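This report looks at cysteines and at one histidine, with the sequence and structure shown below for reference.

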Amino acid sequence: MKQILVSGAIILRTNPSTNKKEIFATQRGYGEYKDWWEIPGGKLEPGETPEECIVREIREELATVVRAEGILDTIEYDYPTFHLTMHCILCTIVSGDLQLLEHENARWLTAKNLHSVKWLPADELILDKVKSLLD
């Protein structure tokens with residue numbers, strides 16, 4: 001089975017108007033899983049660490065500079081045609097305003113509405129850990 005290795009950005013913030021913690025989620029605008037929601041990120045390039053990958057991917061996809069704070073977890077998931085290994089990395093925004101260059105939509109989600117979107121199957125596996133950071 002084909003192996004795909006990616007990094008996903010767990011971008012958290014505290015909403016200044018509600019004082020609630022939130023995670024940034026993006027909606028895919030292409031492919032088999034078009035309209036499904038995901039943790040933004042992408043494929044590792046040869047010789048790249050998961051942390052280097054997520055900094056590059058967020059710069060390319062969202063025109064934002066993030067700092068990789070550490071790996072929250074690594075998810076393993078078998079899709080019908082490939083095996084996915086996803087490093088879920090806690091990230092802090094350094095500069096930029098999260099412009100959607102590749103996605104069709106985005107939302108900041110709280111613990112209360114975390115499950116209000118249709119997440120990609122692999123991304124669902126990290127949501128319990130994410131929710132614990134949002135509570």
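## Cysteines

In this predicted model, C53 is buried, with a relative accessible area of 0%. The cysteine sulfur closest to that of C53 belongs to C91 and lies 10 Å away, which is too far for a bond.

C88 likewise counts as buried, at 0% relative accessibility. For the sulfur of C88, the closest cysteine sulfur is in C91, at 10 Å, and this separation is again too far for a bond. A disulfide is a covalent bond between the sulfur atoms of two cysteines. Because the cut-off for counting such a pair is 2.5 Å between the sulfur atoms, the 10 Å from C53 to C91 does not qualify, and neither does the 10 Å from C88 to C91. The count of disulfides by this rule comes to zero.

## Setting of H103

H103 sits in the loop that runs between strand 6 (82–95) and strand 7 (105–109). This histidine is buried, with a relative accessible area of 9%.

## Contacts of H103

Which side chains does the side chain of H103 meet in a polar contact? One is the side chain of T26, at 3.3 Å, and another is the side chain of E38, joined to that of H103 by a polar contact of 3.1 Å.

When neighbours within four places in sequence are left aside, H103 is in contact with T26, Q27, R28, E38, P40, E61 and L62. Two residues in this list, T26 and E38, thus appear again as the polar partners described above, T26 at 3.3 Å and E38 at 3.1 Å.

Note on methods. Residues numbered from 1 in each chain as written. Predicted model: local features only at pLDDT ≥ 70, side-chain atom pairs only at ≥ 80, totals over all residues. Heavy atoms only, no water. Helix = DSSP H or I, 4+ residues; strand = E, 2+ residues; numbered from the N terminus. Buried < 20%, exposed > 50% of the residue type's maximum accessible area, 1.4 Å probe, protein only. Polar contact = N/O pair within 3.5 Å; in protein donor to acceptor, adjacent residues only side chain to side chain. Contact = heavy atoms within 4.5 Å.
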